[in-house]
Amino acid sequence: MGDLLLVRHGETEWSVSGQHTSWTDLPLTTHGEEQAKSLAPLLTGRTYALALSSPLGRAIRTAELAGLTGAVPDQDLHEWDYGGYEGVTTVDIHRTRPDWDLWTDGVPPGPEGHPGESPEQIGARADRVLARVEKALATDDGDVILVAHAHFLRVLTARRLGLPPAEGRLFQLATGTVSRLSTEHGRPVVAEWNRRA
């Protein structure tokens, strides 16, 4: 059985400022592009049974710059829909809701088409991705790689480890990194986290 590699896209202006970024499709910064390019040595030399990417440009561009060809965009890898908190920092939210926590409180509805998502809704998307991942890993054709976003990949990690979606809060994930989920004695484990070249 292969490993599951998780790539968080490179830096954007809003990842630097701490603004919640889901559907706003910001490009990578110059530093973010360098981060993406630096991942290539961590990803080459592996055989991939399946390569998926978020449909957002920052993830697709990260995959390209990292030398990952043929990654298929998958809507389920989209970042958490932050609803009314799109573009807002946690610091700003805490000015009016000092006890707010994304992982337990979710987000208020945003503009039309962006109702926001709860941890459970993200968990359901992550479970759909993991079902596809499991099928690919069962073929022994190689590893599976997912290029996506911090909060989504954190929830996916929690679900892969058998934890509730909100336990994604335990897995801080930096921009422009590769993390690897593997197995030990038949159980999913974190083998590497936030690796940079």
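## Contacts along the chain

Two residues are in contact when their heavy atoms lie within 4.5 Å. With that in hand, take the contacts in this protein chain between residues at least 6 apart in sequence: 67% of them join residues at least 24 apart. Keep in mind that you're looking at a predicted model.

## Overall build

So what is the chain made of? It has eight helices and six strands. Reading from the N terminus, the elements go β-α-α-α-β-α-β-α-α-α-β-α-β-β.

How does the chain compare with a compact globule? For 197 residues, such a globule would have a radius of gyration near 16 Å, and the protein chain has 16 Å, so the two agree. Along the principal axes, the C-alpha trace spans about 50 × 35 × 25 Å.

## Inside and outside

Of the 197 residues in the protein chain, 51% are buried, where buried means under 20% relative accessible area. As for the outside, the chain exposes about 8,900 Å², and 51% of that comes from carbon and sulfur atoms.

Now for the charges. The chain carries 19 positive and 27 negative ones, and the mean positions of these two groups are 3 Å apart.

## The sheet

The six strands come together in an open sheet with mixed pairing, and their order is S3-S2-S4-S1-S5-S6. Which strands stand at the edges? They are S3 (72-73) and S6 (187-195); each has a single partner strand, so one side of each is left without a neighbour in the sheet.

Let's walk in from the S3 edge. S3 pairs with S2 (residues 48-53) in the parallel sense, over two bridges. At one spot here, Ser53 has Pro73 of S3 as its bridge partner.

## A closer look at S4

Next in the order after S2 comes S4, which covers residues 143-148. S2 and S4 run parallel and are joined by five bridges, with Tyr48 standing opposite Asp143 in S4. S4 also runs parallel to S1 (residues 4-8), again with five bridges between them. There, Arg8 has Ala148 of S4 as its bridge partner.

Are the residues of S4 buried or exposed? Six of its six residues are buried. Both faces of the strand are covered: one side has Asp143, Ile145 and Val147, the other has Val144, Leu146 and Ala148, and all of these are buried.

Definitions and conventions: Residues are numbered from 1 along each chain as its sequence is written. This is a predicted model: local features need pLDDT of at least 70, side-chain atom pairs count only at pLDDT 80 or more; totals for chains, interfaces and linings use all residues. Side-chain values use heavy atoms; hydrogens and water are left out. Helices (H or I, at least four residues) and strands (E, at least two) are DSSP runs, numbered from the N terminus. The radius of gyration is taken over C-alpha atoms; the globule rule is 2.2 Å times the number of residues to the power 0.38. Buried means under 20% relative accessible area, exposed over 50%, partly exposed in between (1.4 Å probe, protein chains only). Accessible areas come from the Shrake-Rupley method with a 1.4 Å probe; for residues, only the protein chains shown count as cover. Lys and Arg count as positive and Asp and Glu as negative; His and the chain ends are not counted. The place of a charge is taken as NZ of Lys, CZ of Arg, CG of Asp or CD of Glu. Two strands pair if DSSP finds at least two bridges between them.
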